[in-house]
Amino acid sequence: MNLNQLKYFLAIVKTGSFSNAADDMYISQSSMSKQIKALETELGVDLFKREHSKVYLTEIGAEFAKYAETTIKQHNEMLLYLDEFATKKSNTIRFGSIPVVSSYGISALIADFTNHYNPNLNVVIDMHENNQQRVMKELFEGTIDIALVRTDYLENIEAFDIMPYKKDIFVLVCNKNHPLTVKASISPTDIIPYPLSLLDTSSVINTIVRKAFEKYGVEKRAKCLTTRHKILMEILQTSNDITLLPYSLVDLHQFPHITTIPLTEEVTSNVALIKLKNRKLNKITKDFWNFWQKKTKPE
């Protein structure tokens, strides 16, 4: 038995289904099912009654839920207590982020904090930069304590404390010699004839773009999917492909042969710093959270 199994079990109790719990915990449904099956086998009892697409706690499952909740609570309290005595952990900020650190000025904010924090303390930034699905998984598992993510279509949103950071507007991105550059703005129907490259399905940007097309009844499949927005821009430099990206991610200095065109109807994405409401932070991470709030608060 391990803590992740208990967390998965409680997620199923809360959502009432394996699929919804898997979405909330950012793992596949098959992985969720295997973990719960292993837990039931170890305990020698059935924790759930399965009926069609829904699951219900058995009598012993309801009793086990009480112990699981207590165990998770005590584990979190233990970690917080030990933080006071662990020098390395007490000066470490475990920060996860989608790949926007260089584009959204995050490095400057972190540098500002570390330069003005307690001069007698060596601040350690344990930065994990990955796709949103992986970042959210690490947040739930406790590998990181705070995360910079896109809050569009964020599952289980009531579980988080959220500090909005940036609202970014999408633009069409293409080669400067592309036929679409003669237009002042672009609609989804203008895009239909041209090959589309996108960030892959692990990125919320992919979902936002697909939803924008669906809104206009346009069916547009991507010719190419990639994990990094800079790879997209490299592709566009020498091809007839197009893409849609938040404007802040488009580096016209590094990629001088591409350009951007506004969309006829605004498509946006919201980036925020988040933490789990029930996750207790060490002192330096709490100070960083408060610093971020002060520095990013709208005038």
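Select helix H1 (residues 3-15) and helix H2 (residues 18-25) in this predicted model; they pack with their axes 8 Å apart, at an angle of about 125 degrees. H1 and H2 are therefore oblique to each other; angles under 35 degrees count as roughly parallel, over 145 as roughly antiparallel, 65 to 115 as roughly perpendicular and the rest as oblique. The axes are lines fitted to C-alpha atoms, for helices over the stretch in contact, and the angles run from 0 to 180 degrees between N-to-C directions. Helices (H or I, at least four residues) and strands (E, at least two) are DSSP runs, numbered from the N terminus.

Residues are numbered from 1 along each chain as its sequence is written. Because the model is predicted, local features need pLDDT of at least 70 and side-chain atom pairs count only at pLDDT 80 or more, while totals for chains, interfaces and linings use all residues; side-chain values use heavy atoms, with hydrogens and water left out.

**Stop 1: between H1 and H2**

H1 passes H2 in a right-handed crossing. A crossing is right-handed if the near helix is turned clockwise from the far one by less than a right angle, and left-handed if anticlockwise. Show the side chains of Lys7, Tyr8, Ala11, Ile12 and Thr15 in H1, then Phe18, Asn20, Ala21, Asp24 and Met25 in H2; these residues make the contact. Contact means heavy atoms within 4.5 Å. Sorted by class, the contact of H1 with H2 has six nonpolar, two polar and two charged residues. Here Ala, Val, Leu, Ile, Met, Phe, Trp, Tyr, Cys and Pro count as nonpolar, Asp, Glu, Lys and Arg as charged, and the others, Gly among them, as polar.

**Stop 2: adding H3**

Now add helix H3 (29-43). The axes of H1 and H3 come within 10 Å and cross at roughly 110 degrees, which makes H1 roughly perpendicular to H3. Gln5, Tyr8, Phe9 and Ile12 of H1 meet Met32, Gln35, Ile36, Ala38 and Leu39 of H3. This contact of H1 with H3 has seven nonpolar, two polar and no charged residues.

Turn next to H2 and H3, whose axes are 9 Å apart at an angle of about 105 degrees. H2 is therefore roughly perpendicular to H3. On H2 select Phe18, Ser19, Ala21, Ala22 and Met25, and on H3 select Gln29, Met32, Ser33 and Ile36, which together make the contact. By class, the contact of H2 with H3 has six nonpolar, three polar and no charged residues.

**Stop 3: the buried side of H2**

Which residues of H2 are buried? Phe18, Ala21, Ala22, Asp24 and Met25 are buried in H2. Buried means under 20% relative accessible area, exposed over 50%, and partly exposed in between (1.4 Å probe, protein chains only). The buried residues cover an arc of only 160 degrees around the axis, which puts them on the same side of H2. The arc is that of the directions from the helix axis to the C-beta atoms. The buried residues of H2 pack against H1, H3, strand S1 (48-51), strand S2 (54-57) and helix H7 (132-141).

**Stop 4: Phe140 and the positive phi values**

Go to Phe140, in helix H7. Phe140 is buried, with a relative accessible area of 9%. Beyond its neighbours within four places in sequence, Phe140 is in contact with Lys7, Asp24, Met25, Tyr26, Asn156, Phe160, Leu276 and Arg279.

Two residues from that list come next. Tyr26, just after H2, takes a positive phi of about 55 degrees. Asn156 also has a positive phi of about 55 degrees although it is not a glycine. Most residues other than glycine have a negative phi. Asn156 sits in the loop between S5 and S6, and Asn156 is buried, with a relative accessible area of 13%. Select Tyr153 as well, in the loop between strand S5 (146-150) and strand S6 (160-175); its phi is near 65 degrees, again a positive value.

**Stop 5: helix H6**

Select helix H6 (residues 106-116), where Ile106, Leu109, Ile110 and Phe113 are buried. Down the axis of H6, the buried residues fall within an arc of 95 degrees, so they line one face of the helix. On the other side of H6, Ala108, Asn115 and His116 are exposed. The buried residues of H6 pack against strand S3 (92-97), strand S4 (124-129), S5, S6 and helix H11 (283-296).

**Last stop: the whole chain**

Zoom out to the chain, which has eleven helices and eleven strands. Its C-alpha trace spans about 65 × 60 × 30 Å along the principal axes. Of the 299 residues in the chain, 45% are buried.
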